[in-house]
Amino acid sequence: MIQLDGTPNKGNLGANAILAVSMANARAAANAHGLPLYRYLGGANSRTLPVPCMNVLNGGKHADNTVDFQEFMIAPNNAPSFAEAIRMGTETFHTLKQVLKAKAYSTAVGDEGGFAPDLKSNDEAVELILEAITKAGLSLPPISRFASTPPASEMWDDGKYVLFKSTKTAIASDELARLWES
């Protein structure tokens, strides 16, 4: 797919299309071998499922709100089992709904399934998630990873990245990297 696309950034076919076709191919191959997908991908000795990444807050072009980044996810990577990771993520998600309601934020969901409130800043998204984790009786760890899908290609304009929904400011690549690190 990458070769067929022929661009360094998957610009012709798009990363989502390439991912969907790759996943369909992997599932078909697993079925052809009579194996569950995790066993096909992980090999004969695979015993560990991947860490689930749960989308809890949405922004970017997938939501009509003030948040620049497309997805804020939690990943309970220190959970003792896959089932426990799902439980932790589910409890955090439902607690986040309570946190948002208490602050009079919308609890409508975006295209990707996470909540899509108008927030004061992109940083507030992380602050709300941390509050929900704490109020759910969890801590960092076990939910020790955040993941985000920033629509960097959608933010790119004339040599800079534009925070197109929040501050409308244009920032250089190194500034965007520092923002993500913080």
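In the predicted model, Asp158 is placed in the loop between β4 and β5. The phi angle of Asp158 is near 55°, a positive value in a residue other than glycine. With a relative accessible area of 75%, Asp158 is exposed. A positive phi, of about 60°, is also found at Ala104, although Ala104 is not a glycine. Ala104 belongs to the loop between α4 and α5 and is exposed, its relative accessible area being 70%.

The strands on either side of Asp158 belong to an open sheet of three strands, ordered β4-β5-β6 and paired in the antiparallel sense. The edges of this sheet are formed by β4 (156-157) and β6 (170-171); each has a single partner strand, so one side of each is left without a neighbour in the sheet. Between strand β5 (residues 160-162) and β6, the antiparallel pairing extends over two bridges. Within this part of the sheet, Tyr161 stands opposite Ile171 in β6. Tyr161 is buried, at a relative accessible area of 17%, which places this residue under the 20% limit for burial.

Aromatic contacts were examined next. Four aromatic pairs are present in the structure. In one of them, the ring centres of Phe93 and Phe115 are 4.5 Å apart and the planes lie at 15°, so the pair is stacked. This pair links distant parts of the chain, given that Phe93 lies in helix α4 (residues 82-102) and Phe115 in the loop between α4 and α5 (122-135), 22 residues apart. Phe115 is buried, with a relative accessible area of 2%. The rings of Trp156 and Tyr161 have centres 4.8 Å apart, and their planes meet at 65°, so this pair is edge-to-face. Whereas Tyr161 is buried, Trp156 is partly exposed, at a relative accessible area of 43%. In addition, Phe69, Phe72 and Trp180 are joined into a cluster by ring pairs.

Charged side chains provide a further set of contacts, with six salt bridges in the structure. Glu131 and Lys103 are joined by one of these, at an N to O distance of 3.5 Å. Glu131 is located in helix α5 and Lys103 in the loop between α4 and α5, so the pair ties together parts that are 28 residues apart in sequence. Both residues count as partly exposed, Glu131 at 23% relative accessibility and Lys103 at 39%. Glu131 also forms a salt bridge with Lys135, with an N to O distance of 3.0 Å. Lys135 and Glu131 are separated by about one helical turn because they are four residues apart in helix α5. Lys135 counts as exposed, at 55% relative accessibility.

A salt bridge is likewise found between Asp174 and Arg178, whose closest N and O atoms are 3.6 Å apart. Both residues lie in helix α7 (residues 173-181), at a spacing of four residues, or about one turn of the helix. Asp174 is partly exposed at 45% relative accessibility, and Arg178 is partly exposed at 48%. A network of salt bridges links Glu84, Arg87 and Glu91.

Towards the start of the chain, Met1, Leu4, Leu13 and Val21 make a nonpolar surface patch of about 360 Å². Of these residues, Leu4 is found in helix α1 (residues 2-5) and is exposed, with a relative accessible area of 66%. Pro8 is situated in the loop between α1 and α2 (15-32) and counts as exposed at 85% relative accessibility. The C-alpha atoms of Pro8 and Ala152 are separated by 15 Å, the two residues being 144 residues apart along the chain.

For the chain as a whole, seven helices and six strands are assigned. From the N terminus on, these elements follow the order α-α-α-β-β-α-α-β-α-β-β-β-α. The C-alpha trace spans about 50 × 45 × 30 Å along its principal axes. Of the 182 residues in the chain, 35% are buried. The accessible surface comes to about 10,700 Å², and carbon and sulfur atoms account for 54% of this area. Among contacts with a separation of 6 or more, 53% are between residues 24 or more positions apart.

Notes
Residues numbered from 1 in each chain as written. Predicted model: local features only at pLDDT ≥ 70, side-chain atom pairs only at ≥ 80, totals over all residues. Heavy atoms only, no water. Patch = residues over 30% accessible without salt bridge, like charges linked within 9 Å, V, L, I, M, F, W, Y side chains within 5 Å. Areas by Shrake-Rupley, 256 points an atom, 1.4 Å probe, with all protein chains shown as cover. Salt bridge = Lys/Arg side-chain N within 4 Å of Asp/Glu carboxyl O. Buried < 20%, exposed > 50% of the residue type's maximum accessible area, 1.4 Å probe, protein only. Pairing = 2+ DSSP bridges. Phe/Tyr/Trp six-rings, centres within 6.5 Å; stacked < 30°, edge-to-face > 60°. Contact = heavy atoms within 4.5 Å.
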